[in-house]
Each structure stands twice: as structure tokens, then as C-alpha cells.
Amino acid sequence: MCGNNMSLPLLDEAATVSGTERETAVVIFLHGLGDTGHGWAESLSSIRLPYVKYICPHAPKIPVQLNKSVPIPSWFDLAGLSPEDPEDEVGIKKASECIKAIIEHEIKNGIPSHRIILGGFSQGGALSLYTALTCNYKLAGVIALSCWLPLRKTFPQAVGNNVNKDISILQCHGEKDLMIPLEFGSSTAAKLKTIINPENIQFKTYLMQHCSCQQEMMAVKEFIAKQLPPI
């Protein structure tokens, strides 16, 4: 899934919103199950900062148990969407390595890791949380929308060198989310507070289902502007 099969094609084929000025920061945003990066690229372009590049990769199509094993765009396999369901540990780790490869590519292109935000919605948000917490590069922050922390029982041990122990996280969730219930989001926030500095976690809820809303996108814009100020 990574290496020749995923990492560079992920970047080459990604929906990208380029900066209108010299690019000094990057936001990598991962879509949810069955989606593509195009919709999120459009949403992010509406709140763009002129010096930030937004990269929205497309997940490969793979068989997903939750979809009766029919192939759909997915970062890793999903057996279910409750905390008790078995998780695709191998797939999650492989996908995470591929996102780290994008981070490394941007670093090699001159963007310091502390000027990179990782984010995502639903399954993509889950992958962004896991990747940031296990990453050896100090990142600017994480945007985690309507999601959960995968392989949560492996933390805090999975953190490794803990370079992101003080990372800032914006976690948002819909109060009427029937797919990933609010309780799952709340328990994720509580778990995150045991892994990183709890003062750096914002957990915001909105009167919505498993989706986004204008208020949430304004919070995302404010978070990006704070974590990635102009230089």
C-alpha cells in the first residue's frame, strides 16, 4: 500500500490548493471512507490562507468489511465503527507510513515540519491523529473532525520519541452524529489528554450529524491561522 504502490501516487494525484503567495506552510487533509479529496479541497479553498498549500490525497480503493468487502476508497479496512470492533492494525500502520512519506516530501521541498498541519474527517481524521502521534517530526497541529483514535489501547506506548507531546489538536464532533457517536468523540478527547499536554486539546461540538458545518470550518480556519501564522 505504501512505497511504489501508494506514497508518491498519493501526492501526485492529490487534490491540491496552491498558495497565492510564496508557500511557507502546508495542510495535509485526509477524507473519510468512500470519499475523495476533491470535496475537502473545495471546502479548504473557501477558508484558505494565501501562504498555505492544502494537499487532499485520495485513498486507494480496497475491500472494506463494513461495505460487505466491496472495494471503495479507504485508508484502511474497517470491520465496524464502535470502539469494541476489531481494527486493521497492519493497514492503519501502512497507511500512516504513507502519510508520513508525504510529510517527508514536503520537508525535503523546504517546508519545516513545524509548519505542517495534519488533518482529516472521520476515517481520515482517525488516520491523522494516529500518524501525528507516532510521527518523528514535530508538527504544527492536528485537525480531527468527527473521528476517533485508532489502536487507542497501544497508547501512550505507541508514541515513540514523543516529539509531539505538546502538539495542538482541534477536535470537533457533531452532537447528532449517528455514525461516530458523540460519546466516541468525547472518549477520544479524554484519551488524548492522557497522551499529550491536555491544555493543547480543543474539543468543540456542533448541532450537526456526521458532516461539517460553517461554524466548524470557521474554527478550522482560526486554528490554521493560529498554528501557521505568516512569516
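Leaving aside neighbours within four places in sequence, isoleucine 55 is in contact with Leu11, Ala14, Ala15, Thr16, Val26, Val27, Ile28, Phe29 and Glu106, and I would like to start from that residue before moving outwards. I should say at once that what we are looking at is a predicted model. Isoleucine 55 belongs to strand β3, which covers residues 52–56, and one of its contacts, isoleucine 28, is 27 residues away in sequence while the two C-alpha atoms are 4.8 Å apart in space. Is isoleucine 55 buried or exposed? Its relative accessibility is 1%, and because the cut-off for buried is under 20%, isoleucine 55 counts as buried.

Let me now step back to the whole chain. The protein has six helices and nine strands, and its C-alpha atoms fill a box of roughly 45 × 40 × 35 Å along the principal axes. For 231 residues, a compact globule would be expected to have a radius of gyration near 17 Å, and the protein, at 16 Å, agrees with that. Buried residues make up 52% of the 231, and, of the contacts with a separation of 6 or more, 74% are between residues 24 or more positions apart. As for the surface, the protein exposes about 10200 Å², with carbon and sulfur atoms supplying 51% of that area. There are 20 positive and 22 negative charges, and the mean positions of the two sets are 4 Å apart.

I turn next to histidine 210, which sits in the loop between β9, residues 201–206, and α6, residues 214–227. Which side chains make polar contacts with the side chain of histidine 210? One is that of serine 122, at 2.9 Å, and another is that of aspartate 177, at 2.6 Å. Not counting residues up to four places away in sequence, histidine 210 touches Phe121, Ser122, Ser146, Asp177, Met179 and Ile180.

Serine 146, which appears in that list of residues touched by histidine 210, deserves a comment on its backbone, since it has a positive phi of about 50 degrees although it is not a glycine. Serine 146 lies in the loop between β7 and β8, and with a relative accessibility of 0% it counts as buried. The loop between β7, residues 141–145, and β8, residues 169–174, also holds proline 156, and the peptide bond joining phenylalanine 155 to proline 156 is cis, with omega at about 10 degrees.

Another residue that is not a glycine but has a positive phi, here about 60 degrees, is lysine 68. Lysine 68 is found in the loop between β4, residues 61–64, and β5, residues 70–73. Its relative accessible area is 78%, and so lysine 68 is exposed, whereas serine 146 is buried.

My last residue is threonine 24, in the loop between β1, residues 15–17, and β2, residues 25–30. Where might one place a loop residue of this kind, buried or exposed? In this model threonine 24 has a relative accessible area of 7%, and it is therefore buried. Beyond its neighbours within four places in sequence, threonine 24 is in contact with Tyr51, Ile111, Arg115 and Ile231.

Notes: Residues numbered from 1 in each chain as written. Predicted model: local features only at pLDDT ≥ 70, side-chain atom pairs only at ≥ 80, totals over all residues. Heavy atoms only, no water. Helix = DSSP H or I, 4+ residues; strand = E, 2+ residues; numbered from the N terminus. Polar contact = N/O pair within 3.5 Å; in protein donor to acceptor, adjacent residues only side chain to side chain. Contact = heavy atoms within 4.5 Å. Buried < 20%, exposed > 50% of the residue type's maximum accessible area, 1.4 Å probe, protein only. Rg over C-alpha atoms; globule rule 2.2 N^0.38 Å. Areas by Shrake-Rupley, 256 points an atom, 1.4 Å probe, with all protein chains shown as cover. Lys, Arg positive; Asp, Glu negative; His and termini not counted. Charge placed at Lys NZ, Arg CZ, Asp CG, Glu CD.
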